[in-house]
Amino acid sequence: MICVSLPGLAISTEQGQMTGQGLEGFYRAGRRLLSRCQVRVAGREPLAVQARMTAADRARFVGTLRASPHSGPDPDVVVERLRHADGTERITLHSAALRPLRVPVEVALGTDLAELGAIASGTTQPELPASVHDSGLRWSCPTGTSSVTADPPPADALASAGLLRWEFELPPGGSRSVELRVRPDGAGSGRAVGRAPTSPLAAAGASGDDPRIEPLLRTSIDDLQALMLRDRSNPGDLHLAAGAPWRTGLAPADALAAARMALPLGTRLAAGTLRTLARSQLQGAGPQSGMLPGPRRDAGTHLPPGCTGTEATLLFPVLLAEARRWGLPEPETEVLLPAAERCLGWLRTTVGDGTYLRDPHPSGPVRCEMQAHAHRAALLGADLLDAYGRPGGAELRYWAQTLRTAFREDFWIDDPTGGRPAAARAPDGTLVPHLGANAAHLLDTGLLGGGELAPGLLDKVQTEQLARLLGSPAMDSGWGLRGLGAKEAGYNPFGHRSGAVRVHETAIAVAGLAAAGYEKEASSLLRGALASAEAFGHRLPEMYGGEQRTDGSTPLPHPAACRPAATAAAAGVLLPTTLAGIRPDAPAGTVTLSPMHSAPFGEIVLTGLRVAGASFSVRVSRLGLAMVEEAADGLQLGV
């Protein structure tokens, strides 16, 4: 059970007690402020009967016990714990006894003040000694201090045992509460970014024939708000952390990809993310000038780790171009244009006189999905440069055409079943033939003006074959798209990039297949994603096991997955909006609708989206016809 409202986290099992084991505890900014919080009533731990998330940042735990000797077999005290990621926990005792009760309550507390990285690697230290402080306890070490205060103050506070004690009088039907506040010393309560009065995300809603779509969209928006962070140098700029609990900082490629999928909720998150990353862009002379920094990332069994900085650099101009189509104001777009130009300049310089964008590391391969990212960046970047009268657009389009022609020949592996795209080309020209989810990026071509999609790297026949492959049982697990085909060498249903279902790539595949007209394959993957979301309480993790779906089965959680995760939560926005096929062109004052005509989930109504700076609502009928129900004044329906 992970409550998230960054920089705060609260993690426990469904029992509700924090025992100090594993990751359990209250965290702030990556440090565990409290690792143990165990409640005992009348000398006993309540019997846990229910645990549920009430929001991304809150959980409710309910336990029962028999406090009266005359109650028989039935519990007569209910213990409710309301836990919040900001470090607040309210413990309430409700009595159903027929007589007044005098109930002793103890809360055992402790912490090691460990950093999250040390906890993840198993190198934590023993609990620190406590001291009595104010109306609670306090712990200190050379790198930090934390305290727990209680309201009402305890009758006893025992530092040596880490105990707070109360003696409560409970009348029949009465209740008593204790509120604990966990804080780093000197810190106020603060307000999480996502809970601020002016959230950058629209409060969109969904309704219709399939009851799973509404809670998926609602929970995904809630998770995005919980993962929101402010840029330290410019607090007005917001971006997403990659996920909790493992990646609560900025990961540029993930932040850009998530902001792009969340564009139907408005452009403020995209603008804040772009401004934040523009300040980190490498400048000056040298081959990396114009690049966005980013760590290397595992690429599965058959390829060396990839550079997320390359991916982020190529996503930057794409997000800016598409945010402009969704309604990013022209002055904000223009301010960010120089950073986008530097990204495109890096692309042109790195490709040089060649055709392909190679790995920036020596002896690295030419990756299939990176060519898709580069091709999309070139076409959308050229569109952006032309719109502002900047030079370079024609050169980018010429290179993109050259890349398309070469890619269709050099990256396609013919075989009797129709062929497949190679995952990569080795430095010696050898093709890496393994089919994985990264091929879905070939279908994500990007949005141009007038509701038109940019051309892709594959021709029509190759696109049809890729659609067939992605919809095959080897790739479609029934819960979503596997990272590596089940028939491929090295397949592992729990492999990060070698078999686990990754929600981001599943959503990209659904949107790309639907846009290309392959609705059967898109619908199957979307059904799997919706079924998985339901199994995970509508809070999709970044990945889960790629085991084949069977009757009565449920998706297998991945022990290393972030949940919530920025890309998974943003996919929860892209998946339902794909059904309506919304393609805006705010500068031209138009919006084009290209819904899934098969209407695989019946009627769906999406309300409170944002297009051209105003609320936008659309209905897709059971016949697959889309109708705008609310839009900005003057916004025209495109053809």
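Axes are lines fitted to C-alpha atoms, for helices over the stretch in contact, and angles run from 0 to 180 degrees between N-to-C directions. Contact means heavy atoms within 4.5 Å.

The model is predicted: local features need pLDDT of at least 70, side-chain atom pairs count only at pLDDT 80 or more, and totals for chains, interfaces and linings use all residues. Residues are numbered from 1 along each chain as its sequence is written, and side-chain values use heavy atoms, with hydrogens and water left out.

**Exercise 1. Place helix α2 against the strands, then check its span and burial.**

Step 1. Fix the elements. Helices (H or I, at least four residues) and strands (E, at least two) are DSSP runs, numbered from the N terminus.

Step 2. Find what α2 crosses. Helix α2, residues 213–226, lies across β18 and β32. Its angle to β18 is about 175°.

Step 3. Check the span. The expected span is 1.5 Å times one less than the number of residues. α2 has 14 residues and reaches 20 Å from first C-alpha to last, close to the 20 Å expected.

Step 4. Check burial. Buried means under 20% relative accessible area, exposed over 50%, partly exposed in between (1.4 Å probe, protein chains only). In α2, 12 of the 14 residues are buried, so the helix is largely enclosed by the rest of the structure. Among them are I213, P215, L216 and L217.

**Exercise 2. Work out the order of the sheet that holds β18, and find its edges.**

Step 1. Set the criterion. Two strands pair if DSSP finds at least two bridges between them.

Step 2. Read the order. The open sheet has 4 strands, β18-β32-β33-β34, with antiparallel pairing.

Step 3. Name the edges. β18 (205–208) and β34 (626–630) each have a single partner strand, so one side of each lacks a neighbour in the sheet.

Step 4. Add the twist. Neighbouring strands here are turned by 25° against each other on average, direction ignored.

Step 5. Inspect one pair. β18 joins β32 (604–611) through 4 bridges, antiparallel. G208 faces I604 of β32.

**Exercise 3. Identify two partners of β17 and a residue pair for each.**

Step 1. Take β10 (88–95). It pairs with β17 (175–184) over 7 bridges, antiparallel. T92 has S177 as bridge partner.

Step 2. Take β14 (144–151). It runs antiparallel to β17, with 6 bridges. S147 stands opposite R183.

**Exercise 4. Describe the surroundings of S498.**

Step 1. Locate S498. The residue sits in the loop between α9 (460–470) and β28 (501–502).

Step 2. Classify S498. Its relative accessibility is 8%, so S498 counts as buried.

Step 3. List contacts. Leaving aside neighbours within four places in sequence, S498 touches G300, T301, L484, G490, Y491 and N492.
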